[in-house]
Amino acid sequence: MKYTDEFTQEQGDKPRGIPLTDSEGVELTPDTDAPAFYCLTAAGAETLKFYIDAEKIRYYSMVDINVTASASVTLAVALKWRVLGADKEKYAYSMALTGTQALQGMSTAYPLIEDVPPGTKAWIEVATGGAATVAVNVMGRYKA
């Protein structure tokens, strides 16, 4: 069974890593040390998008969002949904990390059990202040 398939298996109330993808639904590269973290690399200052269920077929709840980087760069993190034909930021989950925080630590947002119904396009958007590999983890619970 693939890691992405495990997320949809019933396991009671146990949270697990939500598979993150590109905009086409192709699973991103997992981190070798922490496979529930998915990585994208910025060549310079740019915005990276980590999609949560790009295919819009799952019903899930997010438990927490974790972000870190491989270099000392500033990071601005946002949870976004597509609503009314526009990208909308959910401000309760906005995070900003200084270069030292991004390199030596990790930022975590704790949603108050954010339910995301099927058909909702949602993603984590990370604006980097320079070149770095960014790793994002979203823990959640699948709902049948």
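**Salt bridges, an aromatic pair and their surroundings in a predicted model**

Lys49, with a relative accessibility of 32%, counts as partly exposed, a class that lies between buried (under 20% relative accessible area) and exposed (over 50%), as evaluated with a 1.4 Å probe on protein chains only. The structure is a predicted model in which local features require a pLDDT of at least 70 and side-chain atom pairs a pLDDT of 80 or more, whereas totals for chains, interfaces and linings draw on all residues. Residues are numbered from 1 along each chain as its sequence is written, and side-chain values rest on heavy atoms, with hydrogens and water left out.

Lys49 forms a salt bridge (a side-chain nitrogen of Lys or Arg within 4 Å of a carboxyl oxygen of Asp or Glu) with Glu125, and the closest N and O atoms of this pair are 3.9 Å apart. Because Lys49 belongs to strand E5 (residues 47-52) and Glu125 to strand E12 (residues 122-128), the pair ties together parts of the chain that are 76 residues apart in sequence; helices (H or I, at least four residues) and strands (E, at least two) are DSSP runs numbered from the N terminus. Glu125, in contrast to the partly exposed Lys49, counts as buried at a relative accessibility of 15%.

Glu125 also takes part in a salt bridge with Lys80, where the closest N and O atoms are separated by 2.9 Å. This pair again links distant parts of the chain, Lys80 being located in strand E7 (residues 75-83) and Glu125 in strand E12, 45 residues apart. Lys80 and Glu125 are both buried. Through these interactions, Lys49, Lys80 and Glu125 are linked in a network of salt bridges.

The count of salt bridges in the model comes to three, one of which brings together the side chains of Arg82 and Asp87 at an N to O distance of 2.7 Å. Arg82 is partly exposed, having a relative accessible area of 40%, and Asp87 likewise counts as partly exposed, with a relative accessibility of 37%.

Asp87 is part of strand E8 (residues 86-89). When neighbours within four places in sequence are set aside, Asp87 is in contact (heavy atoms within 4.5 Å) with Lys49, Lys80, Trp81, Arg82 and Trp123; this set of partners thus includes Lys49 and Lys80, the two lysines that belong to the network with Glu125. The C-alpha atoms of Asp87 and Lys121, which are 34 residues apart along the chain, are separated by 9.4 Å.

Trp123, one of the residues in contact with Asp87, is buried, with a relative accessible area of 2%. A search of the whole structure finds one aromatic pair, and it is formed by Tyr51 and Trp123 in a tilted arrangement, with 5.5 Å from centre to centre and 40° between the planes. Such pairs are rings of Phe, Tyr and Trp (its six-membered ring) with centres within 6.5 Å, called stacked under 30 degrees, edge-to-face over 60 and tilted otherwise. Since Tyr51 lies in strand E5 and Trp123 in strand E12, the aromatic pair ties together parts that are 72 residues apart in sequence. Tyr51 is buried, with a relative accessible area of 9%.

Elsewhere in the model, Asn66 is located in strand E6 (residues 59-69) and is buried, with a relative accessible area of 9%. Not counting residues up to four places away in sequence, Asn66 touches Phe37, Met106, Ser107, Thr108, Ala135, Val136 and Asn137.

For the protein as a whole, two helices and 13 strands are assigned, and 44% of the 144 residues are buried. Of the contacts with a separation of 6 or more, 75% are accounted for by residues 24 or more positions apart.

The pLDDT, which is the predictor's confidence in each residue on a scale from 0 to 100, averages 83 over the protein, and 85% of the residues score at least 70. Confidence is highest in strand E4 (residues 38-42), at 97, and lowest in helix H1 (residues 3-6), where the mean is 48. Over residues 1-5 the pLDDT is below 50, although this stretch has eleven contacts in the model beyond near neighbours in sequence. Where pLDDT is low, the predicted coordinates should not be read in detail.
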